[in-house]
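Student: I should like a close look at a single part of this model, followed outward to the elements and ligands around it. Please give the account as one connected description.

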Amino acid sequence: MSESDLLDSYKRKIDYLRLAVTDRCNLRCVYCMPPEGVKSKKPEEILRYEEIEFIARCAAKIGVSKVRLTGGEPLVRKGIVDLVKSLSEIPGFKDISLTTNGIFLAELAPYLSKAGLTRVNISLDSVDPEAYKNLTRGGDVNLVLKGIKAAFDCNLIPVKINVVAMKGISDDLKHFVKLTYEYPVHIRFIEYMPVGADSTWSKNTFISYKEIMKKLLSFGKLDAAESPVGAGPAVYYKFPKALGTIGFISPITNHFCTKCNRIRVTADGKLKTCLFSEREIDLIKRIREGATEDEICEVIKTALRDKPEGHKLAENKRISRGMSQIGG
Ligand code: SAM
Ligand code: SF4
């Protein structure tokens, strides 16, 4: 493999694969799904574990070294621990992480850690039990808080918390500030993105990272902080004497496309080189038609050369698939 295999046409080094392992979820977050949920694909349309491993091996062969499992909710898929184990045995992968809503994390963290999972990102949009229940349409925040503790106990670090910032909802920030004093967590406020045909995104629900930062400054001074491992596009700050940091991911007001290093594979086996592009390359069909590892490597490399330079979300563009169907 030559170094140039990893570069797209804009000379970005692509070494990070996000693999959605399911389009199903045990929550219904208001910014991600309608109340009735999203119609799931039929089981036969979803990548089998051996197909996920096949794609992962191809990606490793062309130089991908970091993999993140996501969904839907990855921890609702049976056998996830075994998948982690087999991915961790693929030569070339240095970092196998997972994005989860945390509901089943306390239960599974010891097994995931033993299987080779390196670290977790946990989504938590409010620490207030009632607000969390409303936001997720039924979730129990205490299970997520137990999941955060379990992640530390099992050394799945650095632990990052994803908070989707929404106007009117992300007003009560004191609990998040408190968490950075209790644990060495990295709280990341993510600007709400207009993803999915049913998205409730609008100028009325959107709040920029600068506005969140302004609210946070009422709790004290924020100093620039070092980025944790796998920091991606986030920029980090720290309150004096806090153990953890506060980060901001601002895809809307501050595009980071020039630094994008990732590709995605959806649970139904479509390769996406940009979260915000409708363009998808059908890997599942090719694999089921008998494509070899080398052929799939070629497909991925060709797709990389066509990775878009950037997205146009700030211009009111929206994409049809929701985050749970892409693998956010
Ligand atoms: N179910 C898992 C979870 O919630 O962490 C993994 C899948 S979820 C789609 C991945 C991430 O996307 C979560 O952190 C979620 O908050 C974020 N997300 C979903 N919809 C979003 C949106 N419209 N804008 C910004 N982030 C979003
Ligand atoms: Fe499920 Fe994650 Fe979407 Fe919430 S953000 S509905 S937990 S997939």
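Tutor: Asn 155 is placed in the loop between α5 and β5, and that loop is a suitable starting point in what is a predicted model. Although Asn 155 is not a glycine, its phi is positive, at about 65°. Pro 158 is found in this loop between α5 and β5 as well. The peptide bond that leads from Ile 157 to Pro 158 is cis, its omega being near 0°. Both features merit attention because most residues other than glycine have a negative phi, and most peptide bonds are trans.

On one side of the loop stands helix α5, which comprises residues 141-153. Its packing partner is α3: the two axes are 8 Å apart, at an angle of about 15°. With that angle under the 35 degrees that serves as the limit, α3 and α5 are therefore roughly parallel to each other. The crossing in which α3 passes α5 is right-handed.

Helix α3 (residues 105-115) also meets helix α2 (residues 80-88), where the axes come within 8 Å and cross at roughly 20°. That angle makes α2 roughly parallel to α3. Here too the handedness can be stated: α2 and α3 cross in a right-handed sense.

On the other side of the loop, the path leads to ligand 1. Among the 16 residues around this ligand, those that come nearest are Tyr 31, Gly 72, Ser 123, Met 193 and Met 323. The side chain of Tyr 31 has an N or O atom 3.0 Å from an oxygen atom of ligand 1. Gly 72 contributes through its backbone, with an N or O atom 3.1 Å from a nitrogen atom of the ligand. A polar backbone atom of Thr 100 lies 3.2 Å from an oxygen atom of ligand 1. On its own, ligand 1 has 540 Å² of accessible area, of which the protein covers 95%. Strand β5 (160-165) now enters the picture: β5 and β3 (95-100) are the elements that give two or more residues to the shell around ligand 1. By residue class, this shell holds nine polar, five nonpolar and two charged residues.

Ligand 2 completes the view. Tyr 31 and Gly 72 are among the residues around ligand 2, which also include Cys 25, Cys 29, Cys 32 and Asn 101. The shell of ligand 2 divides into six nonpolar and three polar residues, with no charged ones.

Conventions. Residues are numbered from 1 along each chain as its sequence is written. Chains are lettered from A and ligands numbered from 1 in the order in which they are written. This is a predicted model: local features need pLDDT of at least 70, side-chain atom pairs count only at pLDDT 80 or more; totals for chains, interfaces and linings use all residues. Side-chain values use heavy atoms; hydrogens and water are left out. A residue is near a molecule or strand if one of its heavy atoms lies within 4 Å of it. A polar contact is a pair of N or O atoms within 3.5 Å; within protein, one must be able to donate a hydrogen and the other to accept it, and residues adjacent in sequence count only if both atoms are side-chain atoms. Accessible areas come from the Shrake-Rupley method with a 1.4 Å probe; for residues, only the protein chains shown count as cover. Helices (H or I, at least four residues) and strands (E, at least two) are DSSP runs, numbered from the N terminus. Ala, Val, Leu, Ile, Met, Phe, Trp, Tyr, Cys and Pro count as nonpolar, Asp, Glu, Lys and Arg as charged, and the others, Gly among them, as polar. Axes are lines fitted to C-alpha atoms, for helices over the stretch in contact, and angles run from 0 to 180 degrees between N-to-C directions. Angles under 35 degrees count as roughly parallel, over 145 as roughly antiparallel, 65 to 115 as roughly perpendicular and the rest as oblique. A crossing is left-handed if the near helix is turned anticlockwise from the far one by less than a right angle, and right-handed if clockwise.
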